[in-house]
Every structure is written in C-alpha cells, then in structure tokens.
Amino acid sequence: MKYFKNRQEDIVKESILGTVKSNPQLGLLHSFPQIKVVLRKDWDKSKVALISGGGSGHEPAHAGFVGQGMLTAAVCGEVFASPSVDAVLSAIIATTGAAGCLLIVKNYTGDRLNFGLAAEQAKAMGYKVAMIIVNDDVALGVQPNSRGIAGTVLLHKVLGALAEQNTDLEQLLAIATQCNDNIYSLSLALTECHRFNQPEEARIAADQVELGLGIHGEPGAAIIDYASATELVTQLLSTLASAIPVSKSNTEYALMINNLGNATPIEMYIVTEVIAQTTFGQRAKYLIGPAALMTALNMNGISISVLLLDPSTEAALIAETTVKQWPGVHPWNNDHLIAYPQLPETLQFPASTDAALQQLVEQLAQHFIHLEDQINLLDAQVGDGDAGSTFATSGRNILKYREALPFAQPAEFLATLGRILARESGGSSGVLLSIMFTAASEAYRQQPHWGRALLAGLRQMQSYSGAKLGNRTMIDVLEPVFVALAADADLSEIVVLARQGAEATKQMNTDVMGRSAYVPEAILKDIPDPGAAAIARAIEMLLEK
C-alpha cells in the first residue's frame with residue numbers, strides 16, 4: 001500500500017503541524033516535537049480544562065477537536081502509542097487554573113497508566129485533576145473493561161459545552177460518569193488497518209467482514225460473511241441495540257455514524273440511508289455524521305455510537321462550537337422532497353406525414369441499432385466502450401416516437417429530434433447532437449434549407465464542445481457532409497466525403513478531443529473515431545438503399 005509520507009519518524013510530527021497550521025484556533029507548546037501537545041490559543045485558565053489524547057492514527061481525534069466548546073488540549077503519542085507521562089503533565093500544567101482539569105481517557109492500558117500517573121504528579125503539585133475512563137465499546141457486551149472507541153468524541157462535545165458554561169470540576173466528573181454509562185458503540189470493518197511501516201497481513205478474508213474490532217485493529221467479537229450493506233448494517237444495529245439495557249430502552253438518543261478511515265463518502269451515505277430505513281435509526285432524535293471522527297488509520301469500516309439523552313446532555317450536545325471537525329447535530333431530514341418543476345413536453349407539435357423523410361429517419365435509426373456492438377468494440381479500444389450503445393439508444397428512442405413526429409414540418413421535426421435526444425439518449429454524443437438539432441431547427445425557420453440549417457446547428461454544437469475539424473471527433477465527418485449538403489451536393493459525393501472524414505481520424509493522434517483525448521497516441525493509430533465511423537457507415541447505408 002502506498003502513502004503520502006516522508007520519513008517514517010516524521011509522520012506524526014508533520015501531521016500535527018498540518019493540523020495546527022490549517023486552524024488559527026490551535027497552538028503548540030514550544031517543546032514540540034518532543035512533547036506533542038495541541039492546545040487552544042485563546043485559553044485563559046478561567047474554566048475547567050478538558051484534556052484528552054492518546055496514540056495518533058485516529059485523526060481528527062483528538063487534536064482536531066480542540067477548540068471552544070470541546071477540548072482545551074490534546075496530547076498526541078506516536079501512531080497507536082500512548083503519549084508519555086511528561087507530555088500529559090505538560091498539558092495539565094499549561095492549561096489548568098484554579099478551576100482544575102478533567103482528563104478524558106480511552107480505556108487502553110498505556111493511556112490509563114500514563115494519563116493516570118501524570119494526574120497523580122499534577123495533584124502532588126497542587127493541581128485539581130480528575131479523570132474519566134471511556135469504555136463505550138459493546139463488542140463483548142457492556143463491561144467495565146470495555147475499550148474506548150468513537151463514543152469518546154461525544155464526551156468531548158458534551159463536557160466541552162458544559163465546561164464552557166463554567167460547570168465546576170466535581171459536577172463535570174459526575175456528568176462525565178453518567179454520560180459514559182449512556183454511550184454504546186460498535187464497529188464493523190471490511191478490512192483491518194495497516195500501519196505505515198508494517199507488512200500488510202489480512203486477518204479478514206475477501207469474503208468476510210469483522211464485527212466489533214478495535215480502533216487499533218484488535219480482533220472483534222466475530223468474523224462474519226460479507227453481505228450487502230443492508231444486511232451488514234442491520235446486523236450491526238441489532239447487536240448494538242441489544243446492548244442497551246431494557247430499563248433504558250425508551251430513552252431518547254442521538255446516533256453518530258463514524259468513518260473508521262477508508263470508507264468512501266458514497267459508501268458512508270449508503271450506510272446512512274440503510275440506517276435511516278430501520279426503526280432503530282429513525283428512533284434517534286439526532287444524527288451526527290456521517291463523518292470521520294475517530295478513525296483507525298486506513299481501516300475500511302464504520303462504527304455507530306448511541307448517546308442516551310437527558311435534558312442537560314441534550315442541550316450540551318447541540319450547543320454551538322467553533323471546532324471545524326465537529327459535523328454538527330441535527331434530526332433526520334425526512335421532509336426532503338421538493339416539488340418537481342414542469343418541463344416542456346417532449347412532443348410539442350402535432351404529428352404529420354412525409355413518407356420519404358420518415359423512411360430515411362427509420363432507416364438511419366435501425367442502422368444505428370444494427371451497428372451497436374461493432375461501434376462499442378471500436379470504442380472499447382479508444383474510449384469507454386459505450387459509443388455504439390449511445391447511438392443505438394438514440395435510434396430506439398426515435399423509433400419509439402416515430403408515429404408522433406411532425407415529419408412534414410422540418411423546423412418542428414428538428415426541434416422534436418433535439419428534445420428526444422436530450423431526454424432519452426444520454427452520453428455526451430446524445431447531448432451534442434441534441435444541441436445541433438435544436439439549433440438547426442431555429443436556423444431552418446430563418447432559412448428553410450436542410451443543409452444550411454444542419455451546418456448552422458453544427459456550428460452551435462462546436463461552440464459548446466470546443467471541437468473543430470481535425471480533432472478526431474464525429475465533426476470530422478459531420479462538417480464536410482453538412483458543407484456539401486449546404487451546397488446542394490449529390491449523395492454520392494457526400495458519401496465519399498463521409499468515408500474520407502472517418503478514415504482521416506485514423507491518423508489524428510495529436511490535438512485530439514472527446515473520448516480520445518486521454519488515450520496515448522500509439523493506441524489511437526489506425527483506429528477511426530467511433531462516432532465518426534458510426535455516422536459515416538450510416539451515410540454509406542443511405543446510398544446503398
């Protein structure tokens with residue numbers, strides 16, 4: 001696996017510097033990087049200081065949550081390594097005034113010991129210090145020795161708001177204890193995390209996922225079969241809900257959706273929609289996320305946390321904060337549908353008959369359908385392999401509407417053709433041809449001549465696409481053909497021009513646009529542009545007919 005990193009030993013230092021330099025609220029103790037403490041620059045020690053931290057690799061936790069309304073300081077260790085006792089003690093001394101400080105510590109042995117010893121040393125120096133151990137992970141049930149995971153961030157928010165309101169240390173500790181007892185978290189991951197300097201070893205097989213693993217990749221409660229997002233998230237929620245005591249089952253709660261690091265935004269929103277479809281999800285009074293709040297390096301997974309609410313906790317949770325990484329708190333947005341505007345009808349003109357034009361149009365449409373696989377194979381060599389399908393879809397849609405088209409009124413026919421392609425065909429070719437036919441319709445009204453109208457439409461299409469003759473697009477066929485049509489050339493001459501235009505694209509390997517713009521010159525050589533080839537073959541078919 002590849003990473004954006006420099007020297008291995010500078011990973012945490014450079015990450016912290018990036019965090020601080022991008023946030024004017026934050027500062028560092030002068031002892032950095034030996035002592036890695038991120039703290040509020042505006043702190044005056046008049047209120048209880050809130051200090052959290054632990055090993056790095058969980059960003060934005062914890063330094064990202066330093067700011068008014070959340071943490072006063074964060075103490076950072078190396079990746080997945082507890083910070084030293086001196087680092088914690090430095091944070092206590094730097095931020096603690098007469099009101100004292102509260103340490104918020106995840107339940108891992110190194111953190112408990114180092115934060116605990118620093119607290120005892122600070123007390124011996126005369127500082128008022130209290131500590132809360134967070135153990136929100138319910139992977140193995142609700143136990144005093146459960147791990148601290150993403151629910152820790154909820155404590156940061158609730159206690160941060162209350163500390164901002166001048167709540168004293170004794171009250172904060174009591175609220176923290178109660179709040180900690182009311183937070184339940186559970187994770188689910190598709191892959192483990194991989195540290196920057198360690199070989200990649202997969203404990204989770206390709207057809208498996210793990211339920212309840214820790215934020216350092218520690219084994220979870222169970223390895224289960226990989227399944228759909230709905231099945232996986234439903235199982236996670238079921239396990240999480242079963243951990244909440246029956247005596248608290250009717251309590252209102254907030255639900256937090258956390259990205260463990262490597263789940264893409266689109267996956268996180270799918271997870272959110274699955275949760276929204278469940279009774280447990282909809283019962284949540286508030287939603288937090290989806291967002292990366294407490295990550296596990298590059299673990300591809302999620303965790304869900306539930307915070308049971310009382311009036312004080314609820315008010316603190318929804319209180320304002322200046323912390324940029326906090327995603328905010330809001331109810332589900334179930335009232336999300338907005339009235340759909342009335343678009344113009346596709347067929348705005350009465351049907352009329354011109355047998356010759358109708359036959360021509362039907363033959364072209366059927367030919368594009370016949371060419372679908374051939375043009376797709378050609379496009380697969382220089383593009384994304386769907387050019388034939390775009391032309392074929394256009395043909396099918398034209399045939400679908402053929403009995404309702406105004407064949408006897410050319411301007412109206414061209415306008416209708418433009419609307420059909422715009423709404424039904426898709427792909428850039430469909431849109432471009434729609435622009436061309438729509439503009440040709442207006443040109444025909446000004447000057448009733450098919451060739452000149454189509455040429456005017458082509459010029460308008462070029463003004464949007466930026467393509468010109470020689471750029472290896474369908475314009476290399478359309479332009480010479482429409483110029484000849486505008487001059488009233490006969491069909492045999494037009495067919496020759498179409499063939500020549502398509503053949504010429506085989507040697508256009510530089511200054512290309514459209515689907516070929518991202519393909520190396522060596523691959524383009526001797527392969528015609530698929531759009532140009534499709535149109536040229538259709539014109540050849542007309543001569544044969």
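Mentor: Contact means heavy atoms within 4.5 Å, and helix axes are lines fitted to C-alpha atoms over the stretch in contact, with angles between N-to-C directions running from 0 to 180 degrees. The model is predicted: local features need pLDDT of at least 70, side-chain atom pairs count only at pLDDT 80 or more, and totals for chains, interfaces and linings use all residues. Residues are numbered from 1 along each chain as its sequence is written, and side-chain values use heavy atoms, leaving out hydrogens and water.

Trainee: Which strands does helix α6 (residues 229–243) lie across, and at what angle to β7?

Mentor: Helix α6 lies across β7 (183–189), β8 (208–211), β9 and β12, and runs at about 155 degrees to β7. Helix α1 (residues 11–21) lies across β1, β2, β3 (49–56) and β4, at about 140 degrees to β1. Helices (H or I, at least four residues) and strands (E, at least two) are DSSP runs numbered from the N terminus; the protein has 19 helices and 12 strands.

Trainee: What makes β10 (residues 253–259) and β12 (residues 301–308) a pair, and in which sense?

Mentor: Two strands pair if DSSP finds at least two bridges between them. β10 and β12 have 7 bridges in the antiparallel sense, so they qualify as a pair. Alanine 254 has leucine 307 in β12 as its bridge partner.

Trainee: What is the strand order of the open sheet that holds β10 and β12, and why are β9 and β11 called edge strands?

Mentor: The order is β9-β8-β7-β12-β10-β11, with mixed pairing. β9 (222–225) and β11 (286–291) each pair on one side only, and are edge strands. The twist averages 15 degrees from one strand to the next.

Trainee: What is the order of the sheet that includes β5 and β6?

Mentor: This open sheet of 6 strands runs β1-β2-β4-β3-β5-β6, also with mixed pairing. Its edge strands are β1 (26–28) and β6. Neighbouring strands are turned by 25 degrees against each other on average, direction ignored.

Trainee: How do you know the sense in which β5 and β6 pair, and what unit do they make with helix α3?

Mentor: β5 (residues 101–106) and β6 (residues 129–134) pair in the parallel sense over 6 bridges, with isoleucine 104 bridged to isoleucine 132. With helix α3 (residues 109–124) they make a right-handed β-α-β unit: seen with the strands pointing away from the viewer, the path from the first strand over the helix to the second runs clockwise.

Trainee: What share of the 545 residues is called buried?

Mentor: Buried residues make up 53%, where buried means under 20% relative accessible area, exposed over 50% and partly exposed in between (1.4 Å probe, protein chains only).
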